[in-house]
Amino acid sequence: MSWENNVRKVEPYVAGEQPKQKDIIKLNTNECPYPPAPGVAKKAKEMMCESLRLYPDMNAEKLVNALAEYYKVKPAQIFVGVGSDDVLAMAFMTFFNGKEPILFPDITYSFYDVWAELHRIPYKVCPLDEEFKIRKEDYFVPNGGIVIPNPNAPTGVFESVEVMEEIIRANRDVVVIIDEAYVDFGGESVLPLIDKYDNLLVVQTFSKSRAMAGIRIGFAIGNEKLISYLQDVKFSFNSYTMNLPTIEMGTEAVTDDTYFKEITGKIIATRERVKDEMANLGFSFTDSKANFLFATHERVPAQEIFQALKENGIYVRYWNKPRINNRLRITIGTDEQMDKMLAFLKNYLKERN
Ligand SMILES: *Cc1c(COP(=O)(O)O)cnc(C)c1O
């Protein structure tokens, strides 16, 4: 007998590498290559250290109100957290307490099974089809809840709002979470459905499209009752999660829609251009609606390309996992960064012949 018998043993989520060197081209964790909205920097400079003496507003009202105005919902329909990872973990704890397994795709965000294990939630994965598309019928079975990213990660594949609605409608007795971390890069949100379906929770983040992965803001939007249950769990866990600088700077980011559209538009344009150029080098792709490409080469194994890129200071993501072990997930950087990657690939593939 040892204290170790009473330890909750979990296999933690493994995030993409965060290398220390400064001179690398970092295309491995889907960060935005552009800075946050200009108002964020201005706010950071103005903020008085004196204000840090006090606890922050535990309801993060300023940020919640800004989000409510932007997404045209009531403040009581919004829950904010420390990145969408925090929001999703809270949602798993709050809503997934049934006996039936929760459902999510086999190839998806690799945090879902980690949270399920942590909270001892039974789960079942639903295999995507050959083209990495969701098979909606898989979700028309008894279950304890559903979580689906749309667009999916790491595939970038977007499923129509119509199909999402069919899944939500067929599952009125459980909560359906749609993780829209990448929806701002050409997908379409299910947000307009929240008033129609009280079992729908939409989760989004500031980490990708709002260029603020470092500050940690995520949020959920849904029916007021759903949100209040989420608040109850959150306030039973840790009240002051949203710190003052985060609330202030996050608010600035939401209120600058022009800048938001500008950077997401640039990333989409770069994505499509890089895709064309990589296709000429023998790569093929899913139709990504995210800020990354999910690429495979006709001849050279993904793992080899991954290594070669890395040795040359270009970091992309590779998983040695079934079904995706010949794929690279490449975050869309600036045009300049992507041109450097393209130049390297062109040369590398030629030499390797
Ligand atoms: C990046 C990502 C998240 C989490 O992002 P946060 O930085 O915690 O907001 C959640 N879901 C998916 C699918 C993601 O790719």
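Start at Asp179: one of its polar side-chain atoms lies 2.6 Å from a nitrogen atom of the ligand. Taken alone, the ligand exposes 380 Å², and the protein buries 92% of that. Keep in mind that this is a predicted model.

**Next stop: Ser207 and Ser84**

Select Ser207. A polar side-chain atom of Ser207 is 2.6 Å from an oxygen atom of the ligand. Now select Ser84. Here the contact comes from the backbone: an N or O atom of Ser84 lies 2.6 Å from a ligand oxygen atom.

**Widen the view**

Which residues are around the ligand? Select Gly83, Ser84, Asp85, Leu88, Tyr109 and Asp179. Then add Ala181, Tyr182, Thr205, Ser207, Lys208 and Arg216. Colour residues 83-95, which form helix 3. Helix 3 gives the most to the shell around the ligand, with four residues. Now hide the ligand and look at the space it took: that space is the largest pocket.

**Follow the rings**

Go back to Tyr109, one of the residues around the ligand. Tyr109 also belongs to a cluster linked by ring pairs. To see the cluster, select Tyr13, Phe92, Phe96, Phe104 and Tyr109, then Phe111, Tyr112, Trp115 and Tyr123. How many aromatic pairs are there in the whole structure? A search finds 21. When you look at a pair of rings, check the distance of the centres and the angle of the planes, because these describe the pair.

**Last stop: Arg210**

Select Arg210 with Tyr70 and Phe260. The charged end of Arg210 sits over the ring of Tyr70, 5.0 Å from its centre. Arg210 also lies over the face of Phe260, 3.9 Å from the ring centre.

Notes
Residues are numbered from 1 along each chain as its sequence is written. This is a predicted model: local features need pLDDT of at least 70, side-chain atom pairs count only at pLDDT 80 or more; totals for chains, interfaces and linings use all residues. Side-chain values use heavy atoms; hydrogens and water are left out. Rings of Phe, Tyr and Trp (its six-membered ring) pair if their centres lie within 6.5 Å; planes under 30 degrees apart count as stacked, over 60 as edge-to-face and the rest as tilted. A charge sits over a ring if NZ of Lys or CZ of Arg is within 6 Å of the ring centre and within 35 degrees of the ring normal. A residue is near a molecule or strand if one of its heavy atoms lies within 4 Å of it. A polar contact is a pair of N or O atoms within 3.5 Å; within protein, one must be able to donate a hydrogen and the other to accept it, and residues adjacent in sequence count only if both atoms are side-chain atoms. Accessible areas come from the Shrake-Rupley method with a 1.4 Å probe; for residues, only the protein chains shown count as cover. On a 1 Å grid over the protein atoms alone, a cavity is a set of points where a 1.4 Å probe fits but cannot get out, and a pocket is an open set with protein on both sides within 12 Å along at least five of seven lines; lining residues have an atom within 4 Å of a point. A molecule sits in a cavity or pocket if more than half of its atoms lie within 2 Å of its grid points. Helices (H or I, at least four residues) and strands (E, at least two) are DSSP runs, numbered from the N terminus.
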